[in-house]
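Open your viewer and get ready to select residues by number. We will walk through the chain stop by stop.

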Amino acid sequence: YPTIAFSCRKAGSAMTELHTQGGSDASTQHVVGIIYGHNLAKELFPFEFSSEDPKFNCTGLATGPNWTSRSCCLTLFINNRLVDCPMLRKAIEAVYSSVLPRNQHPWVYLALELDPITIDVNVHPTKMEVQFLHEELIAQRVQEAVMARLREHGGARTFDTKIPLLGENSAAGSRAKDAARDSGALQGQTTLTGEAAAKISQESKPAYLNPVRVRTDHRQMSLASVWREPQTDAGGATKPVPKLTTEETAQRQAAFTEAQKLTSICDLKETCALAGDTELSKRLNQSVYVGPATGDLVLLQCGAVLCLVNLVVLARECAYQRLLRMFGGVGNLVLKTPLPLQDLLKQGILDPGSGYDPSKHVDTDVDALAARLAALLTEQQEMLHEYFMFSFADGMLIAFPNALGITSDAGLCLDGLPLFLVRLCAEIDWGEEKACLDGLCRKIAAFCVEVLTPTCDNDPEESMASAAAQLNEIVEAGEFEDVALAAAARAKRPRTTGRNAMQELRWLHEAVRSDGQCKWPATFAKDGTVLDLVSLDQLYRIFERC
């Protein structure tokens, strides 16, 4: 009853502890400011909702994202009686869980008008807790009303910052600048309000961002996550893709639109959608890279769970689905120096991975076979260019698809390019449309992941022999007195698998996570591709008990 004036004082005391003015102009928000403080009252926004089925009316006040508390404060009145309802409390907390930081809660005042017949007051001995008919449905309607209003007030956050007056100590002024800068860096947008009413204490410590903090939020980014060293030893295998003219862009857009209408592509995308797991997809698309385990396995933090993930399998599926989504408009990587197609195919045939054995295939004419495979790719070059952005000209390979959408050639290893072209010719069913397009997407996805995957030592004995030879050379050069000291120094060096293995795996995960649209198959959680190691929430409970 905000229009009624109240005065509260302790028994035997003449001093008033609390006084409200009342009157016809008084509002609930004004009374809240008197009781809880004006800092809270100015952060409140009103909301209301009414329904006929079930019949109820709802009015209230709630704080926006600028105000938080260590505990959820829900002041609930039902038919003008102060009560508690666990169902409504959970519904309100669920609304703010995605808006406020962890362990921070809102302040909400809620007034419900229900049919007294539908209310059960005999739930708690003190009559403070009640239940009522259609409790879940009413809680859902209230939740939707608060959520709708919260969206309107959640676009920006405002911080009250006390600005020092002119002539104040320069150190205090620098602290104010540091505090304002840090607030802006953390929140993205800062609005300075309030007046310069007090001086900043000389003993106050400026707030500094921790540059070595461990990020567990996938939305937080650092400079290291977007900066990649240029490739030096390979001399830059690719070059920037030339910009398209307006006419070329329109043609490419028309080709993309037409390609997306193919029945085969629609069927393949529908298959991926049906096999996808919503919860698993959300976890992986918001994952945070922790570190590598082996050449294929990495540790990812998915929410509150630490997972061991086969990143190569994950990246192949991501590249495959991206090729389907971008079918007809996927980007490409242009080679700085075009490569002769027939020579590449000949090199791919001679690769041990192709199955060719000179001792067993004596009658095979490698040059003729390479020419036949080159003719096959040349015959299909129009389709490969229109749908996958392959580029062939005068028997030269100019560009190949960029299935993962990477923006730099740093860390790319194109040693598998010849064998990839051979597999395109030999393992694709060029006669049936759906099987052909599916096979091409699979092969291209596997190759684009392979060029970013660190290589492993295939022969451990050979690696050990080469390491021993290197140690002997170091000792003979006089850098160390004996092999033991040289081996100890070598052991202290960071071990990597392939060239910049740790960095390559990080970029591979960044390419997968930045896509954000993959629907990961539910089988990944069952076949060992994604393995939950430990729940951090459970660990925290164990630490609290200890």
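Here is a tour of the chain, from the whole view to single side chains.

**Before you start.** This is a predicted model, in which local features need pLDDT of at least 70, side-chain atom pairs count only at pLDDT 80 or more, and totals for chains, interfaces and linings use all residues. Residues are numbered from 1 along each chain as its sequence is written, and side-chain values use heavy atoms, with hydrogens and water left out.

**Stop 1: the whole chain.** Switch on the cartoon view: the chain has 18 helices and 19 strands. Helices (H or I, at least four residues) and strands (E, at least two) are DSSP runs, numbered from the N terminus. Of the 546 residues, 36% are buried. Buried means under 20% relative accessible area, exposed over 50%, and partly exposed in between (1.4 Å probe, protein chains only).

**Stop 2: helix α13.** Now select residues 417-427, which form helix α13. How many of the 11 residues of α13 are buried? Eight are, so α13 is largely enclosed by the rest of the structure. Among the buried ones are Leu-417, Phe-420 and Cys-425. To see what covers them, show β16 (332-340), α10, α11 (366-379), β18 (396-401) and α14, which are included in the cover.

**Stop 3: α10 against α13.** Add helix α10, residues 341-350. Two packed helices are described by the angle between their axes and the distance between the axes. Here the angle is about 90° and the axes are 7 Å apart. Axes are lines fitted to C-alpha atoms, for helices over the stretch in contact, and angles run from 0 to 180 degrees between N-to-C directions. That makes α10 roughly perpendicular to α13 (under 35 degrees counts as roughly parallel, over 145 as roughly antiparallel, 65 to 115 as roughly perpendicular and the rest as oblique). Residues in contact (heavy atoms within 4.5 Å) include Leu-341 and Ile-349 of α10, and Leu-421 and Val-422 of α13.

**Stop 4: a stacked pair.** Show the side chains of Phe-420 and Phe-447. Rings of Phe, Tyr and Trp (its six-membered ring) pair if their centres lie within 6.5 Å; planes under 30 degrees apart count as stacked, over 60 as edge-to-face and the rest as tilted. The count comes to 10 aromatic pairs. Phe-420 and Phe-447 are stacked, at 4.3 Å centre to centre with 10° between the planes. Phe-420 is in helix α13 and Phe-447 in helix α14 (residues 433-450), 27 residues apart. Both are buried. Add Phe-390, Phe-392 and Phe-400, and you have a cluster linked by ring pairs with Phe-420 and Phe-447.

**Stop 5: an edge-to-face pair.** Move to Tyr-36 and Trp-107. Their ring centres are 5.1 Å apart and their planes are at 65°, so the pair is edge-to-face. Tyr-36 lies in helix α1 (residues 28-36) and Trp-107 in strand β7 (residues 107-113), so the pair ties together parts that are 71 residues apart in sequence. Tyr-36 is partly exposed at 44% relative accessibility, whereas Trp-107 is buried at 2%. Next, pick Thr-75 in strand β5 (residues 73-78). Thr-75 is buried at 15%, and its contacts beyond four places in sequence include Tyr-36 and Trp-107.

**Stop 6: out to Ser-514.** Finish in helix α17 (residues 501-515), where Ser-514 sits. Is Ser-514 buried or exposed? Ser-514 is exposed, with a relative accessible area of 52%. Draw a line to Asn-285: the two are 229 residues apart in sequence and 7.8 Å apart in space, C-alpha to C-alpha.
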